[in-house]
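Me: I am new to this structure and would like to look closely at one part of it. Please choose that part, describe its surroundings with care, and explain each term as you go.

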Amino acid sequence: MKIAITGGIGSGKSYVCNLLHQRGISIYDCDRAAKRLMRSSVALRQQLCALIGSDAYDNEGKLNKAVVAKFLLESDRNAQAIDAIVHPAVASDFLQSQMQWMECAILYESGFDRLVDRVIVVTAPEAIRIERIMQRDGITREKALDWIHRQWPQEKVRQLADYEIVNDGYTDLEQQIERIINSNQ
């Protein structure tokens with residue numbers, strides 16, 4: 001059975017994945033995989049340069065994150081064009097990995113929900129998410145909100161998911177994880 005962990009930025013899905021990792025569960029990280037593939041895949045490099053321009057990578061072949069981020073944030077169309085290049089490569093890499101668990105922030109937006117049997121969403125109140133993002137990334141409240149609003153609303157993802165883990169700093173995470181793992185055995 002393939003299981004995905006999703007949740008909006010600042011929800012704490014990576015923290016929950018770390019707790020699962022401590023239980024011996026290996027989890028495929030879609031964000032890390034996308035970065036790795038954008039660095040290592042010649043085909044992705046060529047496609048991204050054709051889309052964004054040759055300055056998407058520096059002279060040493062290293063991804064120019066600032067140029068890519070600027071292009072990505074200019075419009076939804078640009079973001080969709082990058083996604084159309086990167087998402088299929090990540091999906092293929094996940095399937096080849098033979099891993100059973102996946103961490104994916106934009107599971108439904110990317111269509112990766114079709115690659116798994118069950119979905120766990122990690123949720124947190126928006127105020128907590130904003131604070132986490134600001135502290136982690138050293139950005140303003142407005143920028144944190146901008147990132148939050150670029151993703152699907154938490155409530156929409158919650159309705160589509162099979163399970164929810166509430167990561168509000170009060171609700172027992174281990175207990176919630178244990179309940180979900182036991183229900184899938």
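Reply: What follows begins with the whole chain, then settles on one helix and the parts around it.

This is a predicted model, in which local features need pLDDT of at least 70 and side-chain atom pairs count only at pLDDT 80 or more, while totals for chains, interfaces and linings use all residues. Residues are numbered from 1 along each chain as its sequence is written, and side-chain values use heavy atoms, with hydrogens and water left out.

The chain contains 10 helices and 5 strands, where helices (H or I, at least four residues) and strands (E, at least two) are DSSP runs numbered from the N terminus. Its C-alpha trace spans about 50 × 40 × 25 Å along the principal axes. The radius of gyration, taken over C-alpha atoms, is compared with a globule rule of 2.2 Å times the number of residues to the power 0.38; for 185 residues a compact globule would come near 16 Å, and the chain's 17 Å agrees with that. Of those 185 residues, 43% count as buried, a word that here means under 20% relative accessible area, with exposed meaning over 50% and partly exposed in between (1.4 Å probe, protein chains only). Contact means heavy atoms within 4.5 Å, and residues 24 or more positions apart account for 67% of the contacts with a separation of 6 or more.

The part chosen for the close look is helix α2, which covers residues 30–40. Its buried residues are Cys30, Ala33, Ala34, Leu37 and Met38. They cover an arc of only 130 degrees around the axis, which puts them on the same side of α2; the arc is that of the directions from the helix axis to the C-beta atoms. On the other side of α2, by contrast, Arg32 and Lys35 are exposed. What does the buried side of α2 pack against? Its buried residues pack against β2, α3, α5 and β3, and two of these neighbours, α3 and α5, can be followed through single residues.

In α3, which runs over residues 42–52, one finds Leu44. Leu44 is buried, with a relative accessible area of 3%, and, not counting residues up to four places away in sequence, Leu44 touches Leu37, Met38, Ile85, Val86 and Ala89. Leu37 and Met38 are among the buried residues of α2, and they appear in that contact list of Leu44. The C-alpha atoms of Leu44 and Phe71, which are 27 residues apart along the chain, are separated by 16 Å.

Helix α5, residues 76–97, holds His87, which is buried at a relative accessible area of 15%. The C-alpha atom of His87 lies 7.8 Å from that of Ala34, although 53 residues part the two along the chain, and Ala34 belongs to the buried set of α2. Leaving aside neighbours within four places in sequence, His87 is in contact with Ile106, Ser110 and Phe112. Asn78 is also placed in α5; at 16% relative accessibility Asn78 counts as buried, and, with the same neighbours set aside, Asn78 is in contact with Phe71 and Leu72.

Where does the chain go between α5 and β3? The loop there includes Gln98, which counts as exposed at 61% relative accessibility. Most residues other than glycine have a negative phi, whereas Gln98 has a positive phi of about 65 degrees although it is not a glycine.

Strands β2 and β3, which the buried residues of α2 pack against, also meet another helix. The buried residues of α1 pack against β2 (27–29) and β3 (101–103), among other elements including α10 (173–183). Those buried residues of α1 (residues 13–22) are Lys13, Val16, Cys17, Leu19 and Leu20. Because they fall within an arc of 155 degrees seen down the axis of α1, they line one face of that helix. Just after α1, Gly24 takes a positive phi of about 90 degrees.
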